[in-house]
Amino acid sequence: MDDHGGRIGQGRTRDTQARRDAVTVEIGYALCSAAFLAALVFGVVAGPAWVFALSDGAKTTLVASGATLGAVLFTVRVVSVLGRFTREHDGKGDAQPSQPGRTNPDS
């Protein structure tokens, strides 16, 4: 028996499952927040194409610009969220200690 009341080795399995769950949640957050940002930016940029009576060229330009900017911001948001998550959880970054007074999350 280990310190947690279970058999030896079970703690590692729980840690691994917790890590997978954390990664899954972080990926979901990254995708949802990026999709929201992309849709918002697309609406702001391309919205006037449908609201105002603009020429076909102006409408096409606004919609294409909104789609391009939305796609770029979607990618940047996903990469930044997942990059921050990786830095905080790889043990090499400046992650917060797991307990107050500790200098290393694994100490």
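Analyst: A polar contact is a pair of N or O atoms within 3.5 Å; within protein, one must be able to donate a hydrogen and the other to accept it, and residues adjacent in sequence count only if both atoms are side-chain atoms. This model is predicted: local features need pLDDT of at least 70 and side-chain atom pairs 80 or more, while totals for chains, interfaces and linings use all residues. Residues are numbered from 1 along each chain as its sequence is written, and side-chain values use heavy atoms, leaving out hydrogens and water.

User: What makes the link between Ser-33 and Ala-30 a polar contact?

Analyst: The side chain of Ser-33 reaches the backbone oxygen of Ala-30 at 3.3 Å. That value is within 3.5 Å, so the pair counts as a polar contact. Ser-33 lies in helix α1, residues 10-51 (a helix is a DSSP run of H or I, at least four residues, numbered from the N terminus; a strand is a run of E, at least two).

User: Why is Ser-33 called buried?

Analyst: Its relative accessible area is 16%. Buried means under 20%, exposed over 50%, and partly exposed in between, with a 1.4 Å probe and protein chains only; therefore Ser-33 is buried. Of the 107 residues in the protein chain, 15% are buried.

User: Why is Phe-36 called exposed?

Analyst: Phe-36, also in helix α1, has 61% relative accessibility, and this is over 50%, so Phe-36 counts as exposed. Together with Leu-40 and Val-44, Phe-36 makes a nonpolar surface patch of about 340 Å².

User: How many aromatic pairs are there, and what makes the pair of Phe-42 and Trp-50 tilted?

Analyst: The count comes to one aromatic pair. The ring centres of Phe-42 and Trp-50 are 6.0 Å apart and the planes stand at 55 degrees. Rings of Phe, Tyr and Trp (its six-membered ring) pair if their centres lie within 6.5 Å; planes under 30 degrees apart are stacked, over 60 edge-to-face, and the rest tilted. The angle falls in the rest, so the pair is tilted.

User: How do you know that Phe-42 is partly exposed and Trp-50 exposed?

Analyst: Phe-42 has a relative accessible area of 26%, which is in between the two cut-offs, so Phe-42 is partly exposed. Trp-50 has 58%, which is over 50%, so Trp-50 is exposed.

User: Where does Val-79 lie, and why is Val-79 called exposed?

Analyst: Val-79 lies in helix α2, residues 56-89. Its relative accessible area is 56%, over the 50% cut-off, so Val-79 is exposed. From Val-79 to Ala-34 is 45 residues in sequence and 9.6 Å in space, C-alpha to C-alpha.

Key
Patches are made of residues with over 30% relative accessible area and no salt bridge: like charges are joined within 9 Å, nonpolar side chains (Val, Leu, Ile, Met, Phe, Trp, Tyr) within 5 Å. Accessible areas come from the Shrake-Rupley method with a 1.4 Å probe; for residues, only the protein chains shown count as cover. A salt bridge is a side-chain nitrogen of Lys or Arg within 4 Å of a carboxyl oxygen of Asp or Glu.
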